[in-house]
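User: Please take one part of this model and go through it slowly, starting from a single residue and working outward. I would like each term explained when it comes up.

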Amino acid sequence: MKFRLLLLTAIFSVFIISAQEKKEINTVYRAEKEKINDLVHTKLKVSFDYDKRHLLGEAWITLEPHFYNVSELELDAKAMLIHKVSRKGKDLKFNYDGNKLKIKLGNIYGKGEQYTIYIKYTARPEEVEQEGSAAITDAKGLYFINHDGSDPDKPVQIWTQGETESSSCWFPTIDSPNQKTSQEMYITVPNKYVTLSNGLMKSQTENSDGTRTDYWKFDQKHAPYLFFMGIGEFSIVKDKWKEIDVDYYVEKEYEPYAKEIFGLTPEMIQFFSDYTGVDYIWPKYAQMVGRDYVSGAMENTTAVLHGEMAYQTPDQLIDENSWESVIAHELFHHWFGDLVTAESWSNLTVNESFANYSEYLWFEYKYGKDFADAHRYDEVQGYISPENELKDLVRFHYNSKEDMFDGVSYNKGGAVLHMLRNFIGDDAFKAGLKEYLNDNKFGTGEAHQLRLAFEKVTGKDLNWFFNQWFFGSGHPKLDVKYTYSEAANLVTVQINQTQNNLFEFPLAIDVYEGAKPKRYDVWVDQKEKSFTFKYTKIPKLVNVGANRTLLTEIKDNKTIENYIHLYTYGKKYEDRREAIEALAENQDNENAFKLLTKALHDKYYGLRILAIDKIDISKSNIGSVIKIIEKLADLDEKTLVQAKAISKLEKLEDKKYLTLFNKALKSKSSSVKVSALKALYKIDKTSALAYASSIDNDLDRESLKDALIPVYIMDKTETQIAFVAKNLISGMFFTENTDTRNMYKEGFQWVSKSANEEATQNLVDSFVKMGNQYKQYGADKMAIQVLEQVIAAKNETDSPNKEVLVKIVQDGLVKLQ
């Protein structure tokens, strides 16, 4: 499963830290769940009571004893009504406490003897009370979206979310990742809806009451949390990989863009099949976009569910497909997570580290090293924090299984695989993946099995690597100092590890006497260790960690001249980025500023953007730099660079850019238009407002909202206050830009004091949704505080509808408590 960890961390950092400070590490050992009975096959017949938000179900569950004889069966079944339990038509005695269903089998079964239990039940997802995975706090397994059709702007949908152990909210099962079962499902729905489930649709039967029953069958084995059912009015856009159907289920208005969003999927399937040496093994691959989804995306076997963030329009996609990494992530789970599943949540990283690293692998293949390394840099930043440094990658002691869905299991796990790949080599890494997958397919895996697979391939003992990186916590923090002996022509590199625990690792050190470095590969295995190298002339630069694969934080004392050399001759993305960021702090130095100006032409567009952001254009006598930025704004091959350059020119508030900004408003790129509209407002408010008011298409408004909302806030455009209120949260919390946050907070004050009932309702709804969705991060408490401020603001007004406005906010508070 993919979720927006970086955003969550940025938004609720205060709440996250305060919540974690209250937690003590659990001393209970979180073992793999004991297997007493093994699932063999699950057959379901389901229909729905939309008014009650109930599922009416029948289940035929086939099992066999794992080893020892059994006379009882315990199933997970949360918040259900159990109407009947039988075997071969004979009722069985059972006990049900609302969470566990304990059944007397009326017989003794031994290993190898299969038996089938029939259960008639009603699933009541709204009655479920349990924690959920990642950001999912109301993990009810089965979600009715706009069940009564009362919201005209939202379709009626049903979808499921099984991870971690929520499939048992809608069918009885042994809800554990170490169980594997085949399945078949009969889904009865109103005729106007389409359905999606795991495997292949075998038949559709029209019923006399205006409903239809779709029969889905999946013969391969997978874990119960990967069961999926999606229902609604969707367009199905067809694609292919070889002879396998690749389908995209989207709402009608996004049908023209489905292949632009998801169309690289067949190429991804081929790439991952080639990379692992294991062909995609499943009978189809479908992707659905669901409304109000509780996370980012989920790797349900052959039937992936994405959140609405996947929806993009051509003017957004021309900038970048912001969802491409998620598409790759969920697909790669079909090897790591679905084909071989973590045996326990303690070993979650054998699912999520690979899915995380698949994003790097795909980007490296498709867009090159700079692009991939930039992505890896961002992922590593999502891991590095004081609280994450205390957690083992494989964790047998945790408070809740949901705590495992974090920047350690995902981000650090991906970085660890990157180190392993670079230590043993590409070919050995691929061979190790193939060995692990083939040895454990349709079964489960853990970190030790992964180690054994790589050891078998390489012939190396890898305990040292796995012990510190998989079964330990933190990462090396290196304090590096350089000592030169000019008389002996020697440079000594002193490396001190400042973290608590000792790491050992290979380290690349490049010594530059000129343009080409001399590489020294050393081994660090002590808290304090020094290495001495001979040189012919005093080095221009000593670059520690030169291959940029080690997960580490390095503190050293490079000079401005060192950084200039690093940018000029360093080959890696991280080399150039480190130099840009360091030199940006020293722009009064003429040579540093010249190098920063040079970086405006960097071969990688992401570093051009960084250089634009960092360069100081308030300095005198920088006309030549301004001309470069003007050219980038008008002609750079990447629209994201154009947009950043326009934003930089906006700060000058110079009317000479009217022509440039107006031209940019005609761009096909949403990012360019967003930057241009904001910039235009500063120098020609009338034209900017006229352009904003001309946008009446909902999709266009959505893609340009980052510009429209600030313009409407600055202008206090009353006719747009409801639109502003609906979208304030993104700018208040989902950005690191202080100016943007302040602008959106100003918009919040405007809406809070407004008498507009629609705007008030939109504001309340957005905070209620955020508060409940991210409750485990303290967002519910924050939302309550915010809405109490809104009530205070409403009470201070003289609005004739004050009581109505206050009631809207009070109703929202009730939903948060």
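Analyst: Val-46 has a relative accessibility of 3%, so it counts as buried. Buried means under 20% relative accessible area, exposed means over 50%, and partly exposed is in between, all computed with a 1.4 Å probe on protein chains only. The model is predicted, so local features need pLDDT of at least 70 and side-chain atom pairs count only at pLDDT 80 or more, while totals for chains, interfaces and linings use all residues. Residues are numbered from 1 along each chain as its sequence is written, and side-chain values use heavy atoms, with hydrogens and water left out.

Val-46 belongs to strand 1. Helices and strands here are DSSP runs numbered from the N terminus: a helix is H or I with at least four residues, a strand is E with at least two. Leaving aside residues up to four places away in sequence, Val-46 touches Leu-55, Leu-56, Tyr-121, Tyr-186, Ile-187, Thr-188 and Met-229. Contact means heavy atoms within 4.5 Å. Between Val-46 and Thr-213 there are 9.2 Å in space, C-alpha to C-alpha, although the two are 167 residues apart in sequence.

Next come the partners of strand 1. Two strands pair if DSSP finds at least two bridges between them. Strand 1 (residues 37–49) runs antiparallel to strand 2 (residues 54–65), and 12 bridges join them. Within this pair, His-41 is opposite Thr-62 of strand 2. The hairpin made by strand 1 and strand 2 has four residues between the strands, and in it Arg-53 takes a positive phi near 60°. Strand 1 also pairs with strand 11 (residues 181–190), this time in the parallel sense, over six bridges. There, Thr-42 of strand 1 has Gln-183 as its bridge partner. The loop between strand 10 (157–160) and strand 11 holds Thr-164. The peptide bond from Glu-163 to Thr-164 is cis, with omega near 10°.

A second pair of strands makes a useful companion. Strand 25 (residues 505–512) and strand 28 are antiparallel and share four bridges, and Ile-509 stands opposite Val-544 in strand 28. In a regular strand the side chains alternate between the two faces of the sheet. In strand 28, Leu-541 and Asn-543 point one way while Val-542 and Val-544 point the other way, and all are buried. Strand 25 and strand 28 are also among the elements that the buried residues of helix 13 pack against, together with helix 14 and helix 15 (590–599). Those buried residues of helix 13 (residues 560–569) are Ile-560, Asn-562, Tyr-563, His-565, Leu-566 and Tyr-567.

Arg-548 follows in the loop between strand 28 and strand 29. Arg-548 is not a glycine, yet its phi is positive, about 60°. With 18% relative accessibility, Arg-548 counts as buried. Asn-489 can be set beside it: this residue, not a glycine either, has a positive phi of about 55°, and it sits in the loop between strand 23 (477–485) and strand 24 (490–497). Asn-489 has 26% relative accessibility, so it counts as partly exposed.

Arg-548 also leads to a pocket. On a 1 Å grid over the protein atoms alone, a pocket is an open set of points with protein on both sides within 12 Å along at least five of seven lines, a cavity is a set where a 1.4 Å probe fits but cannot get out, and lining residues have an atom within 4 Å of a point. Grid points are joined across faces, edges and corners, and a volume is the space filled by probe spheres set on the points. The second largest pocket is lined by 25 residues, and those nearest its centre are Tyr-377, Arg-548, Thr-552, Glu-553 and Ile-554. Two or more lining residues come from each of helix 8 (369–383), strand 28 (541–544), strand 29 (553–555) and helix 14 (573–584). The space in this pocket is about 660 Å³.

Helix 8 appears again at a cavity. Searching the whole structure gives one cavity of 30 Å³ or more, and about 80 Å³ of space lies in the largest cavity. Residues lining the largest cavity include Tyr-360, His-375, Glu-379 and Asn-411. Helix 8 supplies the largest share of that lining, four residues.
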